[in-house]
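Biologist: Before I rely on the terms used for this model, I would like to hear what stands behind each of them. Could we go through them one by one?

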Amino acid sequence: MGQRGRDAGPGPAGSGAMRSLNQLRAEQFSALTDVVFSFLTEPKEVERFLTQLSEFATMNEISLGPLKNIIKSILLIPNGALKRNLSSEQVRADFIALGLSEEKASYFAEQWKLNSPTLTRLAVGQTLMINQLIDMEWKFGDLRGVICHLFSPFHSDCREQ
């Protein structure tokens, strides 16, 4: 079983989002899941994602504000699953534990299974890029900034920052 409760706990936001998702018809849920995975696999396409959400809300007569809150709750699950390298079955179990119907949790888990290799590659790439930036900061960065960060209470130049 996955790590229930750490990222999208059973609290009011998580359970409310799952109740809302359970109210969607199967085709609505699959369309929304496709929008979510489109964003997860192409995270730089924020404008397209927001447009797709807006179109989904309009087509399904759902208010955009609450839909965005639901999406925020949904996105916590794959984020946590990626960090913990969870299987599709563990993702399914987490969604069920949070109150999503078995049918919808199974659909999301199948999409996770299909998309997790791409998501893992993206996460590794992002980590490598962050590490490269940190290396560059150490090589070319502001020595004073590093000194202040490490010794700020003791170094006279840092007290004025």
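Modeller: A cavity is a set of grid points where a 1.4 Å probe fits but cannot get out, and a volume is the space filled by probe spheres set on such points. By that reckoning, in this predicted model, the second largest cavity holds about 50 Å³ of space, and the structure has two cavities of 30 Å³ or more.

Biologist: What makes a residue part of the lining of the second largest cavity, and which residues are these?

Modeller: A lining residue has an atom within 4 Å of a grid point, and the residues that line the second largest cavity are L21, F29, L32, T33, V36, I74, F95, L100 and F108. Helix α2, which spans residues 26–41, supplies the largest share of this lining, with four residues.

Biologist: How do you know how many residues of that lining are nonpolar, polar or charged?

Modeller: Val, Leu, Ile and Phe are among the types that count as nonpolar, whereas Thr falls with the others as polar; the lining of the second largest cavity therefore has eight nonpolar residues, one polar and no charged ones.

Biologist: Why is the space of about 170 Å³ called a pocket?

Modeller: A pocket is an open set of points with protein on both sides within 12 Å along at least five of seven lines, while a cavity is one that the probe cannot leave; the space of about 170 Å³ is the second largest pocket. Its lining consists of S20, L21, Q23, L24, Q28, L32, N60, I62, P66, L67 and I70, and two or more of these residues come from each of α1 (12–23), α2 and α4 (64–83). By class, seven are nonpolar, four are polar and none is charged.

Biologist: What share of the protein counts as buried, and what makes a residue so?

Modeller: A residue is buried when its relative accessible area is under 20%, and 36% of the 161 residues are buried. The accessible surface comes to about 10200 Å², with 55% of it belonging to carbon and sulfur atoms.

Biologist: How confident is the predictor, and where does pLDDT stay under 50?

Modeller: On a scale from 0 to 100, the mean pLDDT is 76, and 67% of the residues reach 70 or more. Residues 1–13 stay under 50, although the model gives them 26 contacts beyond four places in sequence. Residues 127–134 are also below 50, and this stretch has zero contacts beyond near neighbours in sequence.

Technical notes
Residues numbered from 1 in each chain as written. Predicted model: local features only at pLDDT ≥ 70, side-chain atom pairs only at ≥ 80, totals over all residues. Heavy atoms only, no water. Contact = heavy atoms within 4.5 Å. 1 Å grid on protein atoms, 1.4 Å probe; cavity = no way out; pocket = protein on both sides within 12 Å on 5 of 7 lines; lining within 4 Å. Buried < 20%, exposed > 50% of the residue type's maximum accessible area, 1.4 Å probe, protein only. Areas by Shrake-Rupley, 256 points an atom, 1.4 Å probe, with all protein chains shown as cover.
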